[in-house]
Amino acid sequence: MASNTLNLIAILSLTISTLLSLYPPPAFSFQMEDFDSEEEYVLDHPVIIPNLRSRSRFLKTSPTKDKIRKGADCDPHPSLNICKGISANNGTSLLYCCKTHCRNVLSDRNNCGKCGNRCEFGQRCCGGVCTNVANNVNHCGKCGNQCSSGVQCDNGFCGYA
């Protein structure tokens with residue numbers, strides 16, 4: 001009796017594992033999209049680094065910079081600051097020194113429009129303005145995703161008229 005039960009359990013576990021391996025993975029991903037995912041910001045105009053004794057070895061490499069890595073250390077003191085309203089990536093990024101790191105205030109949810117301005121749950125920072133992307137036809141689901149004329153945005157998806 002015990003061996004029949006063990007055989008039945010073994011057959012059931014093999015059947016279940018086979019069925020699970022045939023089941024396709026889910027189409028929906030729970031991973032959050034990072035809209036500010038560039039590793040470096042390409043500056044629209046090269047800048048002169050004001051202090052070569054900076055804490056960051058990245059900023060010590062040359063007296064002028066045409067790129068700044070994402071999240072680079074900066075000094076909040078105005079005369080030593082490398083991220084003081086610098087335009088980057090052809091005007092799509094605006095870098096400011098928030099606390100001690102360079103942040104893009106046009107897309108950073110924790111520094112939207114200015115340092116320390118946090119967007120609420122369900123909002124994204126679109127062009128420096130906290131925006132509800134669930135029902136906005138100009139920013140449906142993500143910044144800049146416009147629905148066609150007459151089409152509603154419903155829960156981040158462009159629906160039907």
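Reader: Why is E40 called partly exposed?

Author: This is a predicted model, and in it E40 has a relative accessible area of 35%. Buried would need under 20% and exposed over 50%, with partly exposed in between. So 35% puts E40 in the partly exposed class.

Reader: What makes K67 and E40 a salt bridge?

Author: Look at the gap between their side chains: 3.8 Å, N to O. The cut-off is within 4 Å, so the pair passes. Here's the general idea: side chains of opposite charge can pair when their charged atoms come close.

Reader: Where do K67 and E40 sit in the chain?

Author: K67 is in strand β2 and E40 is in strand β1 (residues 40-48). The two are 27 residues apart, and the pair links distant parts of the chain. As for K67, its relative accessibility is 36%, so K67 counts as partly exposed. How many salt bridges does the structure hold? Just 1.

Reader: On to the cysteines. How do you know that C83 and C102 form a disulfide?

Author: Their sulfur atoms are 1.6 Å apart. The rule asks for sulfur atoms within 2.5 Å, so this pair counts as a disulfide. By this rule the count comes to 8 disulfides.

Reader: What does the link between C83 and C102 tie together?

Author: C83 lies in the loop between β2 (64-69) and β3 (84-88), while C102 belongs to strand β5 (residues 101-104), so the link ties together parts that are 19 residues apart in sequence. Both C83 and C102 are buried. The link is right-handed, with 80° about the S-S bond.

Reader: Why is the disulfide of C140 and C153 called right-handed?

Author: It comes from the torsion about the S-S bond, which is about 90°, so the disulfide of C140 and C153 is right-handed. C140 is in the loop between β7 (129-132) and β8 (153-154), and C153 is in strand β8, so parts that are 13 residues apart in sequence get tied together. As for the bond itself, the sulfurs of C140 and C153 are 2.1 Å apart. With the limit at within 2.5 Å, that is a disulfide. C140 is buried, and so is C153.

Reader: What about C147 and C158: is their link left-handed or right-handed?

Author: Left-handed, with -90° about the S-S bond. C147 sits in the loop between β7 and β8, and C158 in strand β9 (residues 157-158), 11 residues apart. Their S to S distance is 2.1 Å, so the cut-off of within 2.5 Å is met.

Reader: Why is C147 called buried, and what is C158 called?

Author: C147 has 13% relative accessibility, and buried means under 20%, so C147 counts as buried. C158 has a relative accessible area of 36%, which falls between 20% and 50%, so C158 is partly exposed.

Reader: What makes N104 buried?

Author: Its relative accessible area is 2%, and since the limit is under 20%, N104 is buried. N104 lies in strand β5. Its side chain reaches the backbone nitrogen of L94 at 3.0 Å and the backbone nitrogen of L106 at 3.1 Å. Polar contacts need N or O atoms within 3.5 Å, so those two distances fit.

Reader: Which side chains point to which face along β5?

Author: C102 and N104 point to one face and are buried, while H101 and R103 point to the other and are not. In general, the side chains of a regular strand alternate between the two faces of the sheet.

Reader: How do you know that β4 and β5 pair?

Author: Strand β4 (residues 93-98) is joined to β5 by 4 bridges. Pairing takes at least two, so the two strands pair. They run antiparallel, and C97 stands opposite C102 in β5. Their hairpin has 2 residues between the strands, and K99 takes a positive phi near 60° there.

Reader: Last one: why is I16 called partly exposed?

Author: I16 has 48% relative accessibility; exposed means over 50%, so I16 counts as partly exposed. I16 lies in helix α1 (residues 2-22). Together with L8 and L12, I16 makes a nonpolar surface patch of about 290 Å². Patch residues need over 30% relative accessible area, so I16 qualifies on that point with 48%.

Key. Residues are numbered from 1 along each chain as its sequence is written. This is a predicted model: local features need pLDDT of at least 70, side-chain atom pairs count only at pLDDT 80 or more; totals for chains, interfaces and linings use all residues. Side-chain values use heavy atoms; hydrogens and water are left out. Patches are made of residues with over 30% relative accessible area and no salt bridge: like charges are joined within 9 Å, nonpolar side chains (Val, Leu, Ile, Met, Phe, Trp, Tyr) within 5 Å. Accessible areas come from the Shrake-Rupley method with a 1.4 Å probe; for residues, only the protein chains shown count as cover. Buried means under 20% relative accessible area, exposed over 50%, partly exposed in between (1.4 Å probe, protein chains only). A polar contact is a pair of N or O atoms within 3.5 Å; within protein, one must be able to donate a hydrogen and the other to accept it, and residues adjacent in sequence count only if both atoms are side-chain atoms.
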